[in-house]
Amino acid sequence: MEICRGSQCLKVELIAYSMPREGDVDKLVAESGAISHAPEFRELNEKRVRHLILLLKKLGHESVFEHACFTYRVEGISRVCSHQLVRHRLASYTQQSQRYVKLRNPKFIVPESIFGTEFEKEYFEILERASNLYRRMVEGGIRKEDARFVLPQGIETKIIITMNARELRHFIKLRCAPDAQWEIRALARSMLKLAYEVAPILFEDLYEEYIENYP
Ligand SMILES: Cc1cc2nc3c(=O)[nH]c(=O)nc-3n(C[C@H](O)[C@H](O)[C@H](O)COP(=O)(O)OP(=O)(O)OC[C@H]3O[C@@H](n4cnc5c(N)ncnc54)[C@H](O)[C@@H]3O)c2cc1C
């Protein structure tokens with residue numbers, strides 16, 4: 001059994017995103033938006049790209065943001081977190097299966113608040129017992145899909161997430177907010193930082209609000 005303290009094991013990678021043949025994600029979105037008011041497709045310079053994206057945000061014409069997609073590979077989150085994540089319906093997910101993958105050395109995400117309390121010892125004992133029973137059940141012929149019922153929700157999972165920029169912005173607003181639960185907030189903040197690196201104009205307002213204001 002392995003323990004991850006808080007978000008210590010969280011790993012988020014942006015493994016793919018929409019890139020136009022020329023330019024970058026911001027340009028793709030701005031040029032897509034520009035067609036609604038132009039007789040022909042036209043290429044935009046940096047200043048126009050910026051102007052247009054800010055205008056689209058201001059007017060709430062967010063359907064244009066759907067042309068850009070972001071794919072993340074995430075590990076080191078609990079099933080508590082992934083359950084909240086997949087409530088966001090306008091996204092695509094592929095999650096590690098507990099039916100097919102035998103958890104040889106189960107990893108558990110443990111909230112910071114547990115450490116150093118009177119409950120810590122008993123908490124770890126339960127994780128240990130559940131892991132041992134899981135292993136013995138699988139070795140004893142119980143199917144993984146049934147043995148997994150004994151595993152606590154803090155068990156680690158891995159997931160691939162694809163969101164378009166509109167949904168990603170929506171997700172970030174809900175899940176980076178100060179009242180969001182700490183684990184999904186850490187995930188959403190990582191996703192925002194990575195999106196901002198490749199689409200700074202699309203995400204600069206959210207970056208300022210949720211990363212710069214809460215370093
Ligand atoms: C702080 C916090 C606490 C929460 N607590 C709870 C809780 O106690 N219990 C609980 O069950 N959930 C809880 N949730 C989850 C929440 O209710 C939403 O299910 C989740 O945040 C996904 O949001 P969404 O539906 O806006 O997003 P998405 O599914 O990502 O959808 C994006 C947007 O698309 C539109 N949309 C999507 N599907 C439909 C549809 N079928 N019909 C119409 N419009 C649609 C909506 O405008 C929606 O906002 C909580 C969320 C947060 C952030």
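1. Start with how the chain contacts itself. Among contacts between residues at least 6 apart in sequence, 75% join residues at least 24 apart. Please keep in mind as you read that this is a predicted model.

2. For a first overview, the chain holds eight helices and six strands. Read from the N terminus, their order is β-β-α-α-β-α-β-β-α-α-β-α-α-α. Along the principal axes, the C-alpha atoms fill a box of roughly 70 × 35 × 25 Å.

3. Next, burial and surface. The chain has 215 residues, and 44% of them count as buried. The area that the chain exposes is about 12300 Å², with carbon and sulfur atoms supplying 49% of it.

4. A good place to look inside is the largest nonpolar core, which has 45 residues. Its members that touch the most others are Phe70, Tyr72, Leu168 and Phe203. Helix H7, residues 182-198, gives this core its largest share, eight residues. You will also find a second, separate core of 12 residues, with Leu103, Tyr134, Val138 and Leu151 among them.

5. Leu168 deserves a closer look. Setting aside residues up to four places away in sequence, what does Leu168 touch? The list is Phe70, Tyr72, Met163, Met191, Ala195 and Phe203. Three of the names in point 4, namely Phe70, Tyr72 and Phe203, therefore turn up again here as contacts of Leu168.

6. Now turn to helix H1, residues 25-34, which is mostly covered: eight of its 10 residues are buried. The buried ones are Val25, Asp26, Lys27, Val29, Ala30, Glu31, Gly33 and Ala34. Which elements do these buried residues pack against? They meet strand E2 (11-17), H2, strand E3 (69-78), H7 and helix H8 (200-212). At the start of H1, a side-chain oxygen of Asp24 comes within 3.3 Å of the backbone nitrogen of Asp26.

7. Leu52 shows one side of that packing. This residue sits in helix H2, residues 46-59. Is Leu52 buried or exposed? Its relative accessible area is 11%, so Leu52 falls under the 20% cut-off and counts as buried. Beyond its neighbours within four places in sequence, Leu52 is in contact with Ala30, Gly33, Ala34 and Leu44. Of these, Ala30, Gly33 and Ala34 are also listed among the buried residues of H1. As background, an α-helix has 3.6 residues a turn, so residues three or four places apart point the same way. For a sense of distance, the C-alpha atoms of Leu52 and Pro215 are separated by 29 Å, and the two residues are 163 apart along the chain.

8. Finally, visit the ligand. Which residues surround the ligand? They are Arg87, His88, Arg89, Leu90, Glu167, His170, Leu174 and Arg175. By type, this shell divides into two nonpolar, two polar and four charged residues.

9. Several side chains in the shell place polar atoms by the ligand's oxygens. An N or O atom in the side chain of Arg89 is 2.6 Å from an oxygen atom of the ligand. For His170 the corresponding distance from a side-chain N or O atom to a ligand oxygen is 2.7 Å. Arg175 has a polar side-chain atom 3.3 Å from an oxygen atom of the ligand. Taken alone, the ligand exposes 930 Å², and the protein buries 45% of that.

Key:
Residues numbered from 1 in each chain as written. Predicted model: local features only at pLDDT ≥ 70, side-chain atom pairs only at ≥ 80, totals over all residues. Heavy atoms only, no water. Core = buried A, V, L, I, M, F, W, Y, C linked by side-chain atoms within 4.5 Å. Buried < 20%, exposed > 50% of the residue type's maximum accessible area, 1.4 Å probe, protein only. Helix = DSSP H or I, 4+ residues; strand = E, 2+ residues; numbered from the N terminus. Contact = heavy atoms within 4.5 Å. Near = heavy atom within 4 Å. Polar contact = N/O pair within 3.5 Å; in protein donor to acceptor, adjacent residues only side chain to side chain. Areas by Shrake-Rupley, 256 points an atom, 1.4 Å probe, with all protein chains shown as cover. Nonpolar A, V, L, I, M, F, W, Y, C, P; charged D, E, K, R; others polar.
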